[in-house]
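Here are a few short exercises to work through with the model open in your viewer. Try each task before you read its solution.

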Amino acid sequence: MTSSPPTPDAPEAATTAHPPRSGPVVAVLAFGGIVVSLMQTLVVPLVPDLPELLHTSASDASWAITATLLAGAVATPVLGRLGDMYGKRRTLLLSLSMLVVGSVVCALSDTLAPMIVGRALQGFSAGVIPLGISIMRDELPAERLGSAMALMSSSLGVGGALGLPGAAALAEHADWHVLFWVSASLGVVVIALVLALVPESPVRGGGRFDLVGAVGLSAGLLCLLLAISKGADWGWASGVTTGLFAAAVAVLLLWSRWELRVRGPLVDLRTTVRRQVLLTNLASIVIGFAMFGMSLVLPQLLQMPEATGYGLGQSMMTAGLCLGPSGLVMMAISPLSARITATSGPKTSLMLGAGVIAVGYGMGIFLMDAVWQIVVISCVIGAGIGLAYSAMPALIMSAVPVSETGAANGLNTLMRSIGTSTASAVVGVVLAHMTTAFGPVALPSLDGFRTAFAIGGGAALVALAVASLLPGRGPDRLTTSSERPGTPEPVGGR
């Protein structure tokens, strides 16, 4: 192992003697996670109007979404490692500051270039959720840690679900720039709360930052995610797309070789190939796919004209409100997931979550005739996502040293991002090619929606199969920073 030892015991002893009040810490960090996840759906109501608003083409306007995705993918492992080395609270504040700056840049934008810059800065705030989970491990007592991590992890889905109706309401009744002023204000509020209520963790990994590893990982991810997210526009067999895929493979192979040889790597690959960590990350990709698939399919089905025979003819505002309850379900289900994890282990929670998601998508194949049916489907899928997302940090953090929790959680969040990117590409292709004529335009067909539901359900079943291969464990007990872990388990798991 190449990780450096944590800092001396004196700071930890002080923290243990005067532990922070866990309630405010959990509330602030979860609120920060929700605010950050709002960035995913912030511009969704604006998508049809972005070309006109930014005086550009529809293809170029899509970069306002792609930029956030790419920046978030790069930021999560890098900021996680920086947090392990230099302080998680300090790095958390840096991430939130970039959210505020990016929001202000977007709020002052009327053309594409500054909008892309602002959205990329907003994307760098994606590190808040893995950093928040790591702070919880360092600061909270063991009996509070499971439920707190479950709430923090589910905030990724909660913010996305609740943000859509809120953003739609603002977009309908105010100037579109207000969306970004509101997000900037929320970021300032979170920064103030973190400064007032969240202590800095004394647990540091030490060492020197792996700049070459950060550049290599960033380059490889940019090539991979650009090919996935823009392949449908450029053509999957085009030279640009295939060249980016080839470059991603080559760069990531070279990066892996570097990470295995350097002292103090950005990502400890020897840890990531342990059975529990590897399988959890693979399951995260597929669960991320299933989560984002719902966000792509259900709003379109709700807004499809009733004259098609299967559309429900709702406005963007109503469609957002219909999906809002799923976010509340995710939040409500997180304590249940924590209890299941505590009694039966996080593997059980993850498998149960994947199974519930599959059931929700299976319902969608047959139940799409009324708005209430869509609400039920979204709530069932949301419950499964809440169960699954809440289990992932417990699986990761029970398998990595305390000094590497930021980087490990950042990598796990990155895996979810890869899943959401893949869902966007796959579902987009399905709905774009399985169409029916509606006057002068082509709209996604009923079979297209059913196929998308089937793909989402299939992804959940794949996640269930992967989760079943995780090491079997009894009741889970997470280790906090005050409880020094022993030597990590050997490569390959138990």
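A disulfide here is a pair of cysteine sulfur atoms within 2.5 Å. Keep in mind that this is a predicted model.

**Exercise 1.** Work out how many disulfides the structure holds.

*Solution.* Start at Cys-322: its closest cysteine sulfur belongs to Cys-379 and sits 10.0 Å away, which is too far for a bond. Now go from the other end: Cys-379 is in no disulfide, and its nearest cysteine sulfur is that of Cys-322. The total for the structure is zero disulfides.

**Exercise 2.** Decide whether Cys-322 and Cys-379 are buried or exposed.

*Solution.* The cut-off you need is that buried means under 20% relative accessible area. Cys-322 comes in at 8%, so it is buried. Cys-379 has 19%, so it counts as buried too.

**Exercise 3.** Place Gly-313 in the fold and describe its surroundings.

*Solution.* First, find the loop between helix H14 (275-303) and helix H15 (316-344); Gly-313 lies there. Next, check exposure: at 40% relative accessibility, Gly-313 is partly exposed. Then list contacts, skipping residues up to four places away in sequence: Gly-313 touches Leu-302, Gln-303, Met-304, Pro-305 and Glu-306. Finally, look further along the chain: Val-371 is 58 residues away in sequence, with a C-alpha to C-alpha distance of 9.6 Å from Gly-313.

**Exercise 4.** Check the length of helix H7 and find what covers its buried residues.

*Solution.* H7 runs over residues 112-123, and its 12 residues reach 16 Å from first C-alpha to last, close to the expected 16 Å. Its buried residues include Leu-112, Met-115 and Arg-119. Among the elements covering the buried residues are helix H2 (22-41), helix H5 (63-86) and helix H10 (177-197).

How values were computed: Residues numbered from 1 in each chain as written. Predicted model: local features only at pLDDT ≥ 70, side-chain atom pairs only at ≥ 80, totals over all residues. Heavy atoms only, no water. Helix = DSSP H or I, 4+ residues; strand = E, 2+ residues; numbered from the N terminus. Buried < 20%, exposed > 50% of the residue type's maximum accessible area, 1.4 Å probe, protein only. Contact = heavy atoms within 4.5 Å. Expected span 1.5 Å × (residues − 1).
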